[in-house]
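Dear colleague,

I am handing over the structure below, together with some notes on what turned up in it. Please read the notes with the model open beside you.

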Amino acid sequence: MARQRCHPHALLLLLLLAAALAGAPPDGLYSPGDPLVLLQVDTLESSVLNSSSAWLVEFYASWCGHCVHFAPTWRALAADIQEWSPAVNLGVLDCADIANQKMCGKFGITGFPTLKFFKAFSKNPEDGMKIFHPGDSIEKLRQSIITNLEMHKETWPPACPPLEPASVEEIREFFQTNNVTYLALIFETNDSFLGREVTLDMLQYENIAVRRVLSSEEELVKKYGVTAFPSSFLLIKNGTFSRIPVQMEARSFYTHFLRRLPGVTRGPYAPIRTPDMRIKTTPTPRRPADRSKVYMADLESALHYALRVEVARFSVLTGERVRALKDFVAVLAKYFPGRPFVRNFLRSVDRGLRNMRESWIPYSALELVLTNRKEGQAPAVLSNSVTWVGCQGSEPHFRGYPCSLWTLFHLLTVQATRHRRLGTGPLEVLGAMRGYVQSFFGCRECAQHFEGMAAESMDKVRSVDEAALWLWSRHNRVNARLAGTETEDPQFPKLQWPPPELCPPCHSVVNRRHVWDKAAVLRFLKAHFSPANIFLDYTEPERALVVRRSREAKEGAGEWAMGDGKERGEEDDDEEEERGENGIGEEGEKGVNGKEEGEKGVNGEEKGENGEEKEEGEER
């Protein structure tokens, strides 16, 4: 059998990707050793705005699965075009870093990854133009950069050579007006990017220039005897010219030949690097976690990030986003089995949103609801810090927020099975989740995958039990799709869940094939995601949160959210109402604090928390 030859372009791409992967930092998506600029809140505007270079910046979130998948491509692109600097520079900004979040909002970033191109001498964050990247093609990204560079008119980057096709007149007088020894002419068709790529590849080299000539330029085509496109010729100042001898009419072969011509040297240009301005932090210590338990710290962190970070990326909420946020918060206020002050906070936000009748809501108004500074009201507090316990990954960019959001979603579907009389239908919780993910979840490719699953079969759900199982099965589908990819934490493989050691009855074998016992899975879900199995490890005590909130309110800091709740007497009425309707009064608090009922729930007994069997009996 004849051996297949490896295409040079494919080989180059593989080498670039391998180098990029080898240089991947152990603690983040990018490192100072990468050939791009690590931007921060205090360097983004000073680097990108009023710059004599054009900039292409990736705004990403380190927890975003698609960003993790895209990082090797972006790193390889940076290595591929690093010699295009200072005409154009590549940068990155991590919007998951709390210090950068407001700056990302200022630059209009609402999803990840977002690529924005800034022309040279851009004045404002709004000047950035979004580049839509088709898949992970380095070639397409390179061509997008060139297309955007050519959109410069009055503000052409000083270091960027001409990219437009050369004319007969320019070539005729070239050596009289340019002090170089060599001129490389690349003949090509109008839709080819080859000539422009080689031109940019050579911009850091002196004593040589590169120009593209279109196949339609008949006089030059005839003069140099061009019969195939692309092809290249080298003109020398002494009046001689010759065909450039390369094995293949390709970018890498052209640049390799031209850079080795006698007298051609690298000029004073060098890739622009800003100092590594990343905030230095002490590595987060490992928090021992039992995977048979659910941790309140993960759930409260998910609430904070979902409501105060994800939603805050939109300066104004309109139409579907207003409806999605109201539905999501209403479900949280109804079903979240949190600590009393957190439940007060969610009810407060729910009331505030219901009082907003407009079809559009500026985030400044919503922020008042989420971070109320007023005193004299019932404690309604949600921590504004993020603490991962059961969702802590082996590295900062693994697990975290997506893990906690899945946990929150599972908890809500199970809570709906426990409090059926409060529900408005089997799709109440799933619909609220779907709207939130579609409108606000930052990883846009992840949101599209979730929407695809929802559109495929969510409308077939006929009961709250089926809703809990639907979410479980779709989560396992996602785990199967992502297993073995760059997004998988090597210390926490994406397995089908629950594993046999957590729920032996969930697994059976029929005709030598694994089969899920869905009745057992449902019993397990109801026990695992019950209030009795939620543990308070690593949460800040509520009393400490309230004291801090009160002190900061007096100081005007207002960093701790306090809802616009009722006075104490009215709040007592709400507590009585909740005990009657939600069934999470005194007994529910025992479960949340991780007492004896929690251990029973972990063991997967059919009779879950108090009251579950009775409600299901009534339903039957």
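Which strands does helix α5 lie across, and at about what angle does α5 run to β4? Helix α5 (residues 138–149) lies across β2 (54–60), β3 (88–94), β4 and β5, and its direction is at about 30° to that of β4; axes here are lines fitted to C-alpha atoms, for helices over the stretch in contact, and angles run from 0 to 180 degrees between N-to-C directions. Helices (H or I, at least four residues) and strands (E, at least two) are DSSP runs, numbered from the N terminus, and contact means heavy atoms within 4.5 Å.

Before going further, please keep in mind that this is a predicted model, in which local features need pLDDT of at least 70 and side-chain atom pairs count only at pLDDT 80 or more, while totals for chains, interfaces and linings use all residues. Residues are numbered from 1 along each chain as its sequence is written, and side-chain values use heavy atoms, with hydrogens and water left out.

The chain as a whole

The protein chain has 24 helices and 19 strands. Of its 620 residues, 53% are buried, where buried means under 20% relative accessible area, exposed over 50%, and partly exposed in between (1.4 Å probe, protein chains only). Among contacts with a separation of 6 or more, 76% are between residues 24 or more positions apart.

The sheet

The strands under α5 belong to an open sheet of 5 strands in the order β1-β3-β2-β4-β5, with mixed pairing; two strands pair if DSSP finds at least two bridges between them. β1 (37–38) and β5 (129–131) stand at the edges with a single partner strand each, so one side of each has no neighbour in the sheet. Strand β4 (residues 114–118) runs antiparallel to β5 and is joined to β5 by 3 bridges, and K116 stands opposite K130 in β5.

Some backbone details are found in the loops that lead into these strands. A cis peptide bond with omega of about 10° joins S85 and P86, and P86 is in the loop between α3 (65–80) and β3. The bond from F112 to P113 is also cis, with omega near -15°, and P113 lies in the loop between α4 (101–106) and β4. N50, in the loop between α2 (44–48) and β2, has a positive phi near 60° although N50 is a residue other than glycine. F121, in the loop between β4 and β5, likewise has a positive phi, near 65°, and is partly exposed at 32% relative accessibility.

The cores

The largest nonpolar core (a set of buried Ala, Val, Leu, Ile, Met, Phe, Trp, Tyr and Cys residues joined through side-chain atoms within 4.5 Å) has 136 residues, and those with the most contacts inside it are F59, W63, W74 and L408. Its largest share, 10 residues, comes from helix α15 (residues 401–418). Another core, of 17 residues, lies apart from it and includes V168, L185, V221 and V226.

Aromatic pairs

The whole structure holds 24 aromatic pairs; rings of Phe, Tyr and Trp (its six-membered ring) pair if their centres lie within 6.5 Å, and planes under 30 degrees apart count as stacked, over 60 as edge-to-face and the rest as tilted. The rings of Y305 and Y401 have centres 4.5 Å apart and planes at 40°, so this pair is tilted. Y305 lies in helix α11 (residues 296–310) and Y401 in helix α15, so the pair ties together parts that are 96 residues apart in sequence. Y305 is buried at 5% relative accessibility, and Y401 is buried at 1%. Both tyrosines belong to one aromatic cluster with W63, F112 and F441.

A residue in a loop

R259 is in the loop between α10 (251–258) and β11 (265–266) and counts as partly exposed, at 22% relative accessibility. Not counting residues up to four places away in sequence, R259 touches E83, D201, M202, Y205 and V264. The C-alpha atoms of R259 and Y205 are separated by 7.4 Å, although the two residues are 54 apart along the chain.

With best wishes
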